[in-house]
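Colleague: Please take me closely through one part of this model, the way its strands are laid side by side, and then follow that through to the core and the ligand. I would like a connected account rather than a list.

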Amino acid sequence: MKSYLLLIHFKLHSSFSRWKYFIYPNLFSRAKYSCATNPIYQQKTEITGVGRITIGKNCGFGYRIGGFWRNGSIEFQARYKDAEIIIGDNVFTNNNIFICAANKISIGSHTRIGQGIMITDFEAHGTDPENRNKVGEIGTVDIGENVWIGNNVTILKNSKVGKNTIIGTGAIVNGVFPENVLIGGVPAKILKSL
Ligand SMILES: CC(C)(COP(=O)(O)OP(=O)(O)OC[C@H]1O[C@@H](n2cnc3c(N)ncnc32)[C@H](O)[C@@H]1OP(=O)(O)O)[C@@H](O)C(=O)NCCC(=O)NCCS
């Protein structure tokens, strides 16, 4: 009974508090999540969907001096039952991030994620005009270790980014990229080796 009341308190409190930052499931979320160690939160960070979210050690979400901090939020959404988001160790994000998986999105350890980022592994709508109301193609996203994702980057389904690669600000990533390169632009291309 006591733990049930505590759970209600936690859910209500975290849902309506703007000034305390910790990860919390949306009031109606049935998502399963686990954190190896408690991350540092500097922006409201929400778990939604019904899938699984796994977070490694020593991660940090949000950055008070990173811009657009006050009114935004971070959301990890494993939308369907078998969807998963896997975040490695020592992953740090800036503010206003939306990571949405219908299948699988993985982010390697030591990756730094800028502000205003969307990562998704599926098309919410069919590209065929007759099927616009159906979920479109579903793929995966695989971000390697020690990747630096600049501000305002979008990463689309079936993208793979190799270890140490930098994604320049404003890129739309839609493809497979090797380790140790700088990529950027719309759509992203290799700009140079690191
Ligand atoms: C990628 C970045 C770090 C610059 O790295 P750099 O090694 O100094 O790259 P360079 O300036 O040598 O650029 C190499 C080439 O890529 C191009 N380029 C660099 N960044 C680019 C971008 N975001 N989009 C498109 N092209 C870009 C340059 O114009 C240059 O092209 P050129 O060879 O035809 O002249 C910087 O452009 C960037 O995007 N920083 C992210 C900043 C940010 O978002 N910070 C938030 C903190 S998380």
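Modeller: Two strands are said to pair if DSSP finds at least two bridges between them, and with that in mind we can read the sheets of this model, which is a predicted one. One open sheet has eight strands with mixed pairing, in the order S3-S6-S9-S12-S15-S18-S21-S22. Strand S3 (40-41) and S22 stand at its edges with a single partner strand each, so one side of each is left without a neighbour in the sheet. Within this sheet, strand S12 (residues 112-113) and strand S15 (residues 148-149) run parallel and are joined by two bridges, with Arg-112 standing opposite Trp-148 in S15.

A further open sheet has seven strands with parallel pairing, and its order is S2-S5-S8-S11-S14-S17-S20. Here the edges are strand S2 (32-35) and strand S20 (176-177), and because each has a single partner strand, one side of each is left without a neighbour in the sheet. S2 runs parallel to S5 and is joined to S5 by four bridges, and along this pair Lys-32 faces Arg-52 in S5.

Strand S10 leads from pairing to the core. S10 pairs with S7 in the parallel sense over five bridges, where Phe-76 stands opposite Ile-99 in S10; S10 is also joined to S13, again running parallel, by four bridges, and there Cys-100 stands opposite Thr-120 in S13. S10 is mostly covered, with four of its five residues buried.

The largest nonpolar core has 37 residues, and those with the most contacts inside it are Ile-85, Ile-99, Ala-101, Ile-167 and Val-173. Among the elements that give two or more residues to this core are strand S5 (52-55), strand S8 (84-87), strand S10 (97-101) and strand S13 (117-120), and the largest share, four residues, comes from S10. Leaving aside residues up to four places away in sequence, Ala-101 touches Gly-51, Ala-78, Arg-79, Ala-83, Glu-84, Ile-85 and Asp-121.

That leaves the ligand, which is surrounded by 14 residues, the closest being Gly-114, Gly-150, Asn-151, Gly-168 and Gly-184. The elements that give two or more residues to this shell are strand S21 (181-184) and strand S22 (189-193), both of them members of the eight-strand sheet. By class, the shell holds three nonpolar, nine polar and two charged residues.

Conventions: Residues numbered from 1 in each chain as written. Predicted model: local features only at pLDDT ≥ 70, side-chain atom pairs only at ≥ 80, totals over all residues. Near = placed C-beta within 6 Å. Nonpolar A, V, L, I, M, F, W, Y, C, P; charged D, E, K, R; others polar. Core = buried A, V, L, I, M, F, W, Y, C linked by C-beta atoms within 7 Å. Buried ≥ 20, exposed ≤ 12 C-beta atoms within 10 Å, placed from the backbone. Contact = placed C-beta atoms within 7 Å.
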